[in-house]
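Biologist: Please take me through one part of this structure slowly, the sheet towards the end of the chain, and then show me how the rest is arranged around and beyond it. I am in my first year, so plain words will do.

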Amino acid sequence: MHAEARDLIAAMPLPAVLIRWDERIDAANAEAVALLGEGLVERHFITVLRQPVLLDAIEGTMRDGAPRKTRYLTSDGRQDTTFDVSCRAVALSKGPGVLLTFADVTQMEQAGQMRRDFVANVSHELRTPLTALLGFIETLRGPAREDAAARERFLEIMGNEAGRMERLVGDLLSLSRLEAEERVRPTHPVDLPDLLSSVLSSLAPVAAEAGVTLIPELPETPLEIAGDPDQLRQVFVNLVENAVKYSGKGAQVTLRLSGPAYHPRLRADGVEVEVIDTGPGFDPLHIPRLTERFYRVDSHRSREMGGTGLGLAIVKHIVNRHRGRLRIESTPGKGSTFKVILPLRAGPPRGEEA
Ligand SMILES: Nc1ncnc2c1ncn2[C@@H]1O[C@H](COP(=O)(O)OP(=O)(O)OP(=O)(O)O)[C@@H](O)[C@H]1O
Ligand SMILES: [Mg+2]
């Protein structure tokens, strides 16, 4: 019986520890040794599992035989790991024992934390314009009631704030749609030079107003890739709009399409679209976080310009859906380059064909 119990513990895929009636560790599998260290067997469990909530749970199960669940936290100095620990009574030949199993729930915890952060961020982003709207409604009802000029001014601000909320909700909806279909690879034929030049013409008025020159560097001939035309449009509108918005008067924004060529990163033929600006750029330390939802380099300035901080998160999702890559480079004082690499065809990458 005893050897059998040890074999069973050894075969469990999760860290497992069996504690005997005399409160010593009877058996522990390799996963438990990796988690708790060598030399577990025959030690008193208190000297191995030093966390009070876990010790209480073990003692409770020893006493009344009822199963218990609790938490165990470890850290390797860089990363914290959270385990759900289950304590179950087992009848051993000479008395009762307790079987502990440890399930790593770190990722679930992190997903939960991300969801909470996201909801908090969305609420905050919506509350700011909403507070402004409520404030102006109060003013229009009271002090500014008879002041036609003030009324016009306030209505314009209110229109802007409401527009901001509308954009935010629209962006959130497109993100959640994108997440739902991220695994479905789009396969429509898209003529990129045509799409890119139409992006430039639709943003020409915005650029003119900002005093920014748009420079197309696109091939004259059609170049088709497999993709989703509306989403690709959204990507390049976002990138060119950012370049125009954040570069400011006198800057140049180049939209360059090159390829097709073999791309080692894609392990397939691909094309490159670069959006290059001569704007102020930013410290490259922001790059890893730039595609996070609501992340902004200069949040005050970006918000002032009506940005929701979701643009690059959407870009990243769309590029992923196309199995492409997004590369960002920036030099403060010189400008930034946002490069999108897209596979030419929707088939499996070269070398993986059946
Ligand atoms: N070309 C650029 N030059 C300088 N900063 C940039 C550039 N592109 C993006 N950024 C910075 O990255 C941040 C995130 O961009 P993103 O497009 O995600 O959000 P946004 O422009 O603030 O809002 P939205 O695109 O939703 O209107 C911006 O707030 C800005 O600080
Ligand atoms: Mg943007």
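Modeller: Start with one pair of residues: Leu326 stands opposite Val340, which belongs to strand β12. This is a predicted model, and what follows describes that model. The pair is part of a longer contact between two strands, since β11 and β12 (residues 335–343) run antiparallel and are joined by seven bridges.

Now widen the view to the sheet. Reading across, the strands come in the order β7-β9-β10-β12-β11, which makes an open sheet of five strands with mixed pairing. At its edges are β7 (213–217) and β11 (325–331), each of which pairs on one side only. From one strand to its neighbour the direction turns by 15° on average, if you ignore which way the strands point.

A helix covers part of this sheet. Helix α10, residues 311–321, lies across β11 and β12, and its direction makes about 140° with that of β11. Between α10 and β11 there is a loop, and Arg323 is in it. Arg323 has a positive phi, near 60°, and is not a glycine. Its relative accessibility is 34%, so Arg323 counts as partly exposed.

Two more places around this sheet deserve a look. One is in strand β9, where Pro260 is found. The peptide bond between Gly259 and Pro260 is cis, with omega at about 5°. The other is in the loop between β10 and α9 (299–304), which holds Phe294. Phe294 is also a residue other than glycine with a positive phi, here about 70°. At 10% relative accessibility it falls under the 20% limit, so Phe294 counts as buried.

What do the side chains form? The largest nonpolar core has 46 residues, and Phe236, Leu239 and Val240 have the most contacts inside it. At least two residues of this core come from each of α6 (148–181), α7 (192–210), α8 (229–247), β9 (252–263), β10 (268–277), α10, β11 and β12. Take Val240 as an example: leaving aside neighbours within four places in sequence, Val240 is in contact with Val199, Leu200, Leu203, Leu214, Val253, Leu255 and Val275. Apart from this core lies another one, of 21 residues, including Val17, Leu40, Phe45 and Tyr72.

Val17 leads to the other sheet. That sheet is also open and has five strands, in the order β2-β1-β5-β4-β3, with antiparallel pairing. Its edges are β2 (25–28) and β3 (68–75); each has a single partner strand, so one side of each has no neighbour in the sheet. Here neighbouring strands are turned by 25° against each other on average, direction ignored. Within the sheet, β1 (residues 16–19) and β5 (residues 95–104) run antiparallel and share four bridges. Val17 has Leu100 in β5 as its bridge partner.

Two helices pack on this sheet. Helix α4, residues 52–64, touches β1, β3, β4 (80–92) and β5, and its direction makes about 150° with that of β3. Helix α5 touches β3, β4 and β5, and makes about 135° with the direction of β4.

Look at α4 by itself. This helix has 13 residues and reaches 18 Å from its first C-alpha to its last, close to the 18 Å expected at 1.5 Å a residue. Its buried residues are Leu54, Leu55, Ala57, Ile58, Gly60, Thr61 and Met62. They are covered by parts that include β1, α3 (45–48), β3, β4 and β5. After α4 comes Gly65, with a positive phi near 75°.

Helix α5, residues 106–141, has 36 residues, and its span of 52 Å from first to last C-alpha is close to the 52 Å expected at 1.5 Å a residue. There is nevertheless a bend in α5 of about 25° at Arg127, and a proline, Pro129, follows within four residues. An α-helix has 3.6 residues a turn, so residues three or four places apart point the same way. Keep that in mind when you find the buried residues of α5, which are Thr106, Gly112, Val122, Glu125, Pro129, Leu133, Phe136 and Leu140.

Technical notes. Residues numbered from 1 in each chain as written. Chains lettered and ligands numbered in written order. Predicted model: local features only at pLDDT ≥ 70, side-chain atom pairs only at ≥ 80, totals over all residues. Heavy atoms only, no water. Pairing = 2+ DSSP bridges. Axes fitted to C-alpha atoms, helices over the stretch in contact; angles between N-to-C directions. Contact = heavy atoms within 4.5 Å. Core = buried A, V, L, I, M, F, W, Y, C linked by side-chain atoms within 4.5 Å. Buried < 20%, exposed > 50% of the residue type's maximum accessible area, 1.4 Å probe, protein only. Expected span 1.5 Å × (residues − 1). Bend = angle between axes of the 7 residues up to and from the residue.
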